[in-house]
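The exercises below are to be worked with the sequence and the model side by side. Each task is followed by a solution that goes step by step.

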Amino acid sequence: MECDKCGRDAVMNAAYSGAHLCETHFCRSIEKRVRRRIREDSLIPRDATPEDPERWVIGLSGGKDSVVLTQILDETFGNDPRIEMLALTIHEGIEGYRDKSVDACVELSESLDIRHELVTYEDEIGVKMDDVAESDPMNMAPCAYCGVFRRDLLERYADEFGASKLLTGHNLDDEAQTAMMNFLEGDVKQVAKHFDASLGSFDDRNEQSEFIPRAKPLRDIPEKEVALYAHLRDLPAHITECPHASEAYRGEIQKLLWKLEENHPGTRHSILAGYEELSKLAADQYRGAGEVTLNECEECGSKTSGTRCRKCKLVDAIHAV
Ligand code: SF4
Ligand SMILES: [Zn+2]
Ligand SMILES: [Zn+2]
């Protein structure tokens, strides 16, 4: 198959768009879609200046998604004086898995000369995910603990580093899965919150939230294309699965979406486009309704609706074993 643009050998044939692209044109097309998403989401505020720059904290895990995101952001905005970037890596304490991906993060940050910060569960909350998975005091999946800890540390450190926004590498498959899960759970308030927290354009979001706003500039790009881009550009991405990965429901939805996509190319794009539109309507409808006032956790200062945050409660349970 030949590239639609130049006639060289195609490295990608996208059933959802009918495009055949060679290496050069495929990479350009990825970069173009990421830049367009950044523009459409109004990620750079009009009032950002070299004197008062926008600060982006990038969640860099060392997996292909966050590595590709960091590389493209650096190439696009690395010399833009209105934007400062730093990469933040969270080490969960998973032997043989996270150590290798931290190496990838260090290699990438050094090659791009971008500031890199590493925060570990062990230093910050006194636990390692390997031990938590073993003791499991709450009888939950490891990811249920890990997700709470990661969110807490990302939020805390993004705040400490003065982030205007927290950018993560979620791709089209990730976001279409989350959309389907939220639909199937029937939780429309959750769908509404999703819009303001991390989905919508900054022109349409309610920015009064007490949390650092999040953005996902790769959410138009299918997972396979992110992987192909990382491979073609020889980026230092670490590709293995966490030994504690346990999101069984997400796995089911993932398989379902692969099947649908195979039979009806474009399904993921249409799910996400429809979901974004609906979540905007839901956000407009629900904004402010039944909102709980947030307090500071008496133990760690994180935001919580009660007196102690979920992370501190989980840590207590772990230490009580
Ligand atoms: S797969 Fe689960 S346990 Fe492993 S790093 Fe991700 S959230 Fe944590
Ligand atoms: Zn070409
Ligand atoms: Zn707390």
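**Exercise 1. Which residue of β4 is the bridge partner of G59?**

The model is predicted, so that local features are reported only at pLDDT of at least 70 and side-chain atom pairs only at pLDDT 80 or more, while totals for chains, interfaces and linings use all residues. Residues are numbered from 1 along each chain as its sequence is written, and chains are lettered from A and ligands numbered from 1 in the order in which they are written.

Step 1. Locate the strands, which are DSSP runs of E with at least two residues, just as helices are runs of H or I with at least four, both numbered from the N terminus; β3 covers residues 54–59 and β4 covers residues 83–91.

Step 2. Read the pairing, which requires that DSSP finds at least two bridges between two strands: β3 and β4 pair in the parallel sense over six bridges.

Step 3. Within β4, the partner of G59 is L88.

**Exercise 2. Place these strands in their sheet and identify its edges.**

Step 1. Strands of a sheet pair through backbone hydrogen bonds, either parallel or antiparallel.

Step 2. Here the open sheet has five strands in the order β5-β4-β3-β6-β7, with parallel pairing. Because β5 (115–120) and β7 (214–215) each have a single partner strand, they stand at the edges, and one side of each is left without a neighbour in the sheet.

Step 3. On the β6 side, β3 is joined to β6 (residues 165–167) by three bridges in the parallel sense, with I58 standing opposite L167.

**Exercise 3. Determine how the interior is built around β4 and α6.**

Step 1. Classify burial by counting other C-beta atoms, placed from the backbone, within 10 Å of a residue's own: 20 or more means buried, 12 or fewer exposed, and anything in between partly exposed. By this count seven of the nine residues of β4 are buried, and buried residues make up 35% of the 321 residues in the protein.

Step 2. Join buried Ala, Val, Leu, Ile, Met, Phe, Trp, Tyr and Cys residues through C-beta atoms within 7 Å to obtain the nonpolar cores. The largest has 59 residues, of which V57, I58, V68, L69, L88, L154 and A158 touch the most other members. Helix α6 supplies the largest share of this core, seven residues.

Step 3. Follow A158, which, leaving out residues up to four places away in sequence, touches V57, L88, A163, L166 and I212, where a contact means C-beta atoms, placed from the backbone, within 7 Å.

**Exercise 4. Describe the shell around ligand 1.**

Step 1. Collect the residues whose C-beta atom, placed from the backbone, lies within 6 Å of the ligand: these are E92, M129, P142, C143, C146, G147, C242, H244 and A245.

Step 2. Assign them to elements; helix α6 (residues 142–160) gives the largest share, four residues.

Step 3. Sort them by type, which yields six nonpolar, two polar and one charged.

**Exercise 5. Compare the settings of D136 and D234.**

Step 1. Although D136 is not a glycine, its phi is positive, at about 40 degrees; phi of D234, also a residue other than glycine, is near 55 degrees.

Step 2. D136 lies in the loop between α5 (129–135) and α6, whereas D234 lies in the loop between α9 (223–232) and α10 (248–263).

Step 3. D136 has 16 C-beta neighbours inside 10 Å and therefore counts as partly exposed, while D234 has 7 and therefore counts as exposed.

Notes. Ala, Val, Leu, Ile, Met, Phe, Trp, Tyr, Cys and Pro count as nonpolar, Asp, Glu, Lys and Arg as charged, and the others, Gly among them, as polar. Two residues are in contact if their C-beta atoms, placed from the backbone, lie within 7 Å.
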